[in-house]
Amino acid sequence: MSQVTEGQGWATAKTLAEALPYIQIYDRETVVIKYGGHAMGEEEVAKLFAADTVLLKMLGVHPVVVHGGGPQISAWLEKAGVKSTFIDGLRVTDEATMEVAEMVLSGAINKEIANWITQAGAEADVRGVGLSGKDARLLVVEKVTRTKKDPESEVERMVDLGFVGEPKKVDPTILDALIHAEEDYIPVVAPIGVSEAGQTYNINADTVAGAIAGALGAKRMLLLTDVAGVLDRNGELIRQLSVAEAKKAISDGVATGGMIPKLETAIAAVEAGVEAVVILDGRRPHAMLVELFTEHGAGTLVCE
């Protein structure tokens, strides 16, 4: 054995030893992971994510994956010749769009992620299980209502986004059964729900992750994004925010664009009982492991 190889072995052992206190903190705790963005579209990055998720399970953590798929839906709509309409940047989900969205989210994407996890965990028989919110009435939703101010009259008018819903009730029974089964299952949830009347709705994946994390009383929710976390006015990463500070970051304009709904999701999840939510860059290899099992973490932590 070369000195370099031997040195790497000692370095690995040291890293594992230093991770022990953090491994104990998350032992038999639930961690909900929102997986999406560019990290989901690249096969090699997706395989690393699956392997890290399996590692979490082997270390005693109970991971639950919730995924998005906006870019993939757009690509399939184009293939199918279905034209999308947008209102203030929000896609109007008509019947044809809803059919494609469910096919892509509950079908192609969901099963692919579950399969990557099963392949990564083959030696230890850790298996990914693909679900949507329609399974076992996991997510009962109500139609989203939005208003838009008429620029001329200044009157607020209702905007119909079609089959877009938000969680009304979360029944985590099926997730609890998979999490605590004798076998090592990792649930993978597509953001599709059903109304009381049985109508299918598309749901924002961040919102689904927050609702599920709250219902499960998760120790952590990890929002994997395409940025390092919340940045201050100088472009520096903010390591930690209280709920009050997160609300102030939104009202003061420190958080802008797509970071605003992510912070709102984090705030809602903490207020629903999640101990903390972390917004971090899912494109970086092993970001989840750095966040959970090292002293400094890898993103912005939002807590009470």
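Helices and strands here are DSSP runs, numbered from the N terminus, and the label α8 refers to one such helix, residues 259-271. The structure is a predicted model.

The largest pocket holds about 1500 Å³ of space. Its lining is made up of 45 residues. Leu90, Ile203, Asn204, Ala205 and Asp206 are the ones that lie nearest the centre of this pocket. Several helices and strands each supply at least two residues of the lining. Among the helices that do so are α3 (70-80), α4 (95-120), α6 (205-216) and α8. The strands include β4 (90-92), β9 (164-170), β12 (200-203) and β13 (220-225). The element that gives the most to the lining is α8, with seven residues. By class, the lining of the largest pocket has 20 nonpolar, 17 polar and eight charged residues.

Helix α4, which helps to line the pocket, also meets another helix, α2. Two packed helices are described by the angle between their axes and by the distance between those axes. For α2 (residues 43-58) and α4, the axes come within 8 Å and cross at roughly 60°. Angles from 65 to 115 degrees count as roughly perpendicular and those under 35 as roughly parallel, so α2 and α4 are oblique to each other. Their crossing is right-handed.

On the α2 side, the contact is made by Glu43, Ala46, Lys47, Ala50, Ala51, Thr53 and Val54. On the α4 side, Trp116, Ile117 and Ala120 take part. Sorted by class, the residues in this contact of α2 with α4 are seven nonpolar, one polar and two charged.

Key
Residues numbered from 1 in each chain as written. Predicted model: local features only at pLDDT ≥ 70, side-chain atom pairs only at ≥ 80, totals over all residues. Heavy atoms only, no water. 1 Å grid on protein atoms, 1.4 Å probe; cavity = no way out; pocket = protein on both sides within 12 Å on 5 of 7 lines; lining within 4 Å. Points joined across faces, edges and corners; volume = space filled by probe spheres on them. Helix = DSSP H or I, 4+ residues; strand = E, 2+ residues; numbered from the N terminus. Nonpolar A, V, L, I, M, F, W, Y, C, P; charged D, E, K, R; others polar. Axes fitted to C-alpha atoms, helices over the stretch in contact; angles between N-to-C directions. Parallel < 35°, antiparallel > 145°, perpendicular 65-115°, else oblique. Left-handed = near helix turned anticlockwise from the far one by under 90°. Contact = heavy atoms within 4.5 Å.
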